[in-house]
Structure formats: structure tokens, C-alpha cells
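Hello,

Here is the structure I promised to pass on to you. Please have it open while you read, and my notes on it follow below.

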Amino acid sequence: QVQLVESGGGLVQAGGSLRLSCAASGTIFSINAMGWYRQAPGKQRELVATITSGGLTNYADSVKGRFTISRHNVKNTVYLQMNSLKPEDTAVYYCYAKDVRTVVSRYLEVWGQGTLVTVSS
């Protein structure tokens, strides 16, 4: 079984920074892509950023230039460095892994439990 465990959320003032981490546990052979989504109160879950195993990245327009996604393939960990945070970045941030292969199984999608990021004005 594969699990994603997020950490690093919290309360920060506008203009501040936070770094989210997400580690995949289990006997993992490979993970195609990893990333972050977020869901603000009353809104749908939306893409924040993704990164492939080869290092190709994709960002939502709203976070380009402020957020940076990175990944450690050996540790099966993905990070999200968030700078210049705005109140509208307040949301629950979910870690995501696509096409996870273990020795015995394959999971098309795996989601973390979410970590709350609150940005005060």
C-alpha cells in the first residue's frame, strides 16, 4: 500500500513563505508525476503545480513566479516552496502522485490527506 504524508502547513502573514513536503511511503519502484493541488473553502480543488520524474514542471498561472516545486526521486518526496504568499493562497493543500508502481501493484492516483495553509492579511 502507498501513502502520501504531507507536512509544513500552517499560519503565515501575507508576504511570508512556507515550504510543504510530501513523502510517499511503501515499497515504491517508480512514480511518474507528483504534485500539489489545493482547495479553498467553497471552491473546487485546483492544480497548483506538478513535476514529472524527469523534472518537467507545470504551474497554475496564479502561482507562477512565487511557488517552486521540486522533487527527490530517490526519497519519493516532493516539495513546494511558497513565497510572497497572499490571503487568496489560503487553502488545504493536497499532495498527489500519478502512476505509482510498487513491486506488486500499480496505483493510477494517490492522494494525501491534506495540510492547511492559512495566509493572514
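**A glutamate and its neighbours**

The side chain of Glu6 comes to 3.1 Å from the backbone nitrogen of Gln113. Please keep in mind as you read that this is a predicted model. A second backbone nitrogen, that of Cys95, lies 2.8 Å from a polar atom of the Glu6 side chain. You will find Glu6 in strand β1, which covers residues 3-7.

Which side chain of opposite charge is nearest to Glu6? That is Arg45, at 7.9 Å; Glu6 is buried, yet has no salt bridge. Leaving out residues up to four places away in sequence, Glu6 touches a list of residues that includes Ser21, Cys22, Trp36, Tyr93, Tyr94 and Cys95. Gly112, Gln113, Gly114 and Thr115 are also among the residues that Glu6 touches.

**Strand β8 and its partners**

Next, have a look at strand β8, residues 77-82. Five of its six residues are buried, so the strand is largely enclosed by the rest of the structure.

Which strands pair with β8? One of them is β3 (residues 18-25), which pairs with β8 in the antiparallel sense over six bridges. In this pairing, Ser21 stands opposite Tyr79 in β8. Ser21 has come up before, as one of the residues touched by Glu6.

Strand β7 (residues 67-72) also runs antiparallel to β8, and six bridges join the two. Here Arg71 stands opposite Val78 in β8. Together β7 and β8 form a hairpin with four residues between them. In the turn of this hairpin, Asn76 has a positive phi of about 50 degrees.

**A methionine beside the hairpin residues**

Is Met34 buried or exposed? Its relative accessible area is 0%, so Met34 counts as buried. Met34 is found in strand β4. Not counting residues up to four places away in sequence, Met34 touches several residues you have just met, including Arg71, Asn76 and Val78. Leu4, Cys22, Thr50, Ile51, Ile69, Thr77, Tyr96 and Ala97 are also among the contacts of Met34. As for Asn73, its C-alpha is 10.0 Å from that of Met34, while the two residues are 39 apart in sequence.

**The aromatic pairs**

How many aromatic pairs does the structure hold? There are three. One of them joins Tyr37 and Tyr96 edge-to-face, with 5.4 Å centre to centre and 70 degrees between the planes. Tyr37 lies in strand β4 (residues 28-39) and Tyr96 in strand β9 (residues 91-102), so this pair ties together parts that are 59 residues apart in sequence.

Tyr96 also pairs with Trp111; that pair is tilted, at 4.8 Å centre to centre and 45 degrees between the planes. Because Trp111 lies in strand β10 (residues 106-111) and Tyr96 in β9, the pair links parts that are 15 residues apart in sequence.

Tyr37, Tyr96 and Trp111 form one aromatic cluster. With a relative accessibility of 9%, Tyr96 counts as buried, whereas Trp111 is partly exposed, with a relative accessible area of 31%. Tyr96 is also one of the residues that Met34 touches.

I hope these notes help you find your way around.

Best wishes

Notes:
Residues numbered from 1 in each chain as written. Predicted model: local features only at pLDDT ≥ 70, side-chain atom pairs only at ≥ 80, totals over all residues. Heavy atoms only, no water. Buried < 20%, exposed > 50% of the residue type's maximum accessible area, 1.4 Å probe, protein only. Lys, Arg positive; Asp, Glu negative; His and termini not counted. Salt bridge = Lys/Arg side-chain N within 4 Å of Asp/Glu carboxyl O. Polar contact = N/O pair within 3.5 Å; in protein donor to acceptor, adjacent residues only side chain to side chain. Contact = heavy atoms within 4.5 Å. Pairing = 2+ DSSP bridges. Phe/Tyr/Trp six-rings, centres within 6.5 Å; stacked < 30°, edge-to-face > 60°.
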